[in-house]
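I opened the model to make notes on the fold, the ligand and a few backbone oddities. My entries follow in the order I looked things up.

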Amino acid sequence: MRCRVCGVVGVRPFLDLGKMPLSDGLVRPENLQGPELTFALEVAFCPNCAMVQILQDVAQEVLFPEDYPYFSSFSDQLLAHSRRHALNLVETRSLSGDSLVVELASNDGYLLQNFVELGVPVLGIDPAPAQVKAANDKGVRSICRFFGLELAEELLAGGTGQAEVIIANNVCAHVPDLNGFVAGMKALLAPGGLITIENPYVRDLIDHCEFDTIYHEHLFYHSCTGIARLMERHGLHLNHVEYFAELHGGTLRYHVSHQAGRTPELEAYLADEAATGVDSFRYYEGFAQRVEQLRVDLRALLSSLRAQGRTVAAYGAAAKGSTMLNYVGIDGDLVSFVVDRNTHKQGLHMPGTHQPILGVDALVEQRPDFTLILAWNFKEEIMGQQRGYTEAGGQWIVPVPHPEVIAS
Ligand code: DWN
Ligand code: ZN
């Protein structure tokens with residue numbers, strides 16, 4: 001197989017999750033009996049450029065349809081994280097009314113709204129129509145397009161100036177033509193500008209068995225080594241990195257610019273990745289066995305609860321939740337329903353396993369004995385909100401890094 005990024009033949013598969021439905025392909029009630037698209041899902045490592053990637057392609061229009069359900073503004077933690085980032089950029093980059101901040105995959109304006117409040121001109125770019133409408137409705141100038149070199153050149157030709165800051169959060173995992181995407185960022189970035197890129201860290205995925213973050217939307221799983229090599233291939237430079245343990249199971253924020261130079265923090269990450277082998281196949285080759293063990297352990301826990309007559313629900317109709325339910329084989333007998341705060345998801349059903357997605361009140365109304373936290377990356381925020389559930393005797397099950405019951 002040829003690497004999606006460097007083009008070298010020889011990527012080495014290390015995990016096969018089998019045929020999986022699309023993780024954000026929530027099912028309408030009227031379609032429950034109909035056929036459901038499933039696609040093979042295998043993950044591989046490129047020994048040449050260190051990029052971890054899935055082998056199967058699913059058309060972007062299929063992955064990100066008109067009714068794509070993910071809205072960033074349903075997490076208070078993510079909103080707070082984004083606001084801190086925006087305020088820090090305005091201060092450290094001395095952004096003003098003469099600056100331009102562009103966000104790629106700007107979703108519903110969850111982040112750019114902070115710059116708008118401070119009078120800094122913005123442009124959001126996102127391919128999901130409902131999210132772009134939500135952003136424009138709140139005064140965040142956004143266009144509904146997929147980003148790449150072609151759009152960058154079209155914007156520059158149309159009079160959009162180069163950007164002092166380009167933000168790309170949770171999108172550099174999603175773009176099939178990652179080279180074109182990076183080339184577009186290079187063209188759009190002002191000479192002294194800064195690109196910040198946030199993505200879950202592949203080390204946390206492997207070390208904490210976060211296999212459920214693997215789905216067809218996520219073509220790539222990033223490391224400092226992989227990002228550094230990708231940027232240098234396009235004449236950009238990875239300069240610095242920040243780590244956020246509490247975000248999406250462990251997130252790195254990469255700082256990229258036209259100028260060379262590496263901070264001690266980045267040098268330390270690169271050295272640590274070399275020492276642990278994140279840039280070599282041996283780091284990944286035992287992962288599949290650990291994923292299989294988690295599957296066995298979680299099924300055993302849920303089956304024993306069912307055998308005892310205990311009731312189990314789930315929290316978070318997350319994309320990762322679909323991978324977890326479908327790979328482990330958690331059907332309606334083991335988990336009867338899923339709750340989620342995102343109103344766009346309520347009334348729909350989970351991909352493949354078809355549990356109904358209800359409002360969060362169902363937890364207190366129906367009082368399942370246990371609730372599996374599929375959105376475990378937000379478990380503190382979620383458990384903090386649902387004290388009433390635990391005070392009424394409800395217990396939580398957290399599936400990664402290994403399945404365990406926690407009482408509050
Ligand atoms: O790249 C992506 C990652 C970073 O985020 C995208 N593919 C979309 C998304 O993936 P996900 O769906 O697994 O992400 P979340 O944000 O972990 O999903 C959380 C789910 O839980 C959402 O449906 C919202 C919901 N939620 C809730 O009901 N109550 C979330 C919080 C914090 C809550 O309090
Ligand atoms: Zn490669």
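**Backbone oddities**

I began with Asn-107, which sits in the loop between β4 (101-104) and α3 (112-117). I read its phi as near 50°, a positive value in a residue that is not glycine. Most residues other than glycine have a negative phi. I then asked whether Asn-107 is buried or exposed. Asn-107 counts as buried, with 5% relative accessibility. I keep in mind that this is a predicted model.

I turned next to Asn-170. The phi of Asn-170 is also positive, near 50°. Asn-170 belongs to the loop between β7 and α6 (178-188). Its relative accessible area is 25%, so I list Asn-170 as partly exposed.

I went on to the peptide bonds. Which bond joins Val-400 and Pro-401, cis or trans? I found a cis bond there, with omega at about 5°. Most peptide bonds are trans. I placed Pro-401 in the loop between β16 (395-398) and β17 (404-406).

**Overall fold**

I noted 14 helices and 17 strands in the protein chain. The chain's radius of gyration is 21 Å, and the globule rule gives 22 Å for 408 residues; the two are close, so I call the chain as compact as a globular protein of that length. Along the principal axes, I have the C-alpha trace spanning about 65 × 50 × 40 Å. I also looked up burial: 56% of the 408 residues are buried.

**Two side trips**

I checked Arg-253 in strand β11 (residues 251-257). Arg-253 has 5% relative accessibility, under the 20% cut-off, so it counts as buried. What does the side chain of Arg-253 contact? I found a polar contact of 2.8 Å to the side chain of Glu-198.

I then looked at Gln-162, in the loop between α5 (149-157) and β7 (163-169). Its relative accessible area is 36%, which lies between 20% and 50%, so Gln-162 is partly exposed. I paired Gln-162 with Thr-343: 181 residues separate them in sequence, and 37 Å separates their C-alpha atoms in space.

**Ligand 1**

I left the ligand for the end. I list 24 residues around ligand 1; Lys-320, Asp-340, Arg-341, Lys-345 and Gln-385 come nearest. By class, I have 10 nonpolar, eight polar and six charged residues in this shell.

I looked up polar atoms facing the ligand's oxygen atoms. A polar side-chain atom of His-174 is 3.1 Å from an oxygen atom of ligand 1. I noted 3.1 Å again for an N or O atom in the side chain of Tyr-215 and an oxygen atom of the ligand. For Ala-319, a polar backbone atom lies 2.8 Å from a ligand oxygen atom.

How much of the accessible area of ligand 1 does the protein cover? On its own, ligand 1 has 700 Å² of accessible area, and I find 97% of it covered by the protein. I noted α11 (319-328) and α13 (379-385) as the elements giving two or more residues to the shell. Helix α13 gives the most, with three residues.

My last query was where ligand 1 lies relative to domain 1 (72-283) and domain 2 (309-406). Both domains give residues to its shell, so I record that ligand 1 lies between them.

Conventions: Residues numbered from 1 in each chain as written. Chains lettered and ligands numbered in written order. Predicted model: local features only at pLDDT ≥ 70, side-chain atom pairs only at ≥ 80, totals over all residues. Heavy atoms only, no water. Near = heavy atom within 4 Å. Polar contact = N/O pair within 3.5 Å; in protein donor to acceptor, adjacent residues only side chain to side chain. Areas by Shrake-Rupley, 256 points an atom, 1.4 Å probe, with all protein chains shown as cover. Helix = DSSP H or I, 4+ residues; strand = E, 2+ residues; numbered from the N terminus. Nonpolar A, V, L, I, M, F, W, Y, C, P; charged D, E, K, R; others polar. Domains from an automatic or database assignment. Rg over C-alpha atoms; globule rule 2.2 N^0.38 Å. Buried < 20%, exposed > 50% of the residue type's maximum accessible area, 1.4 Å probe, protein only.
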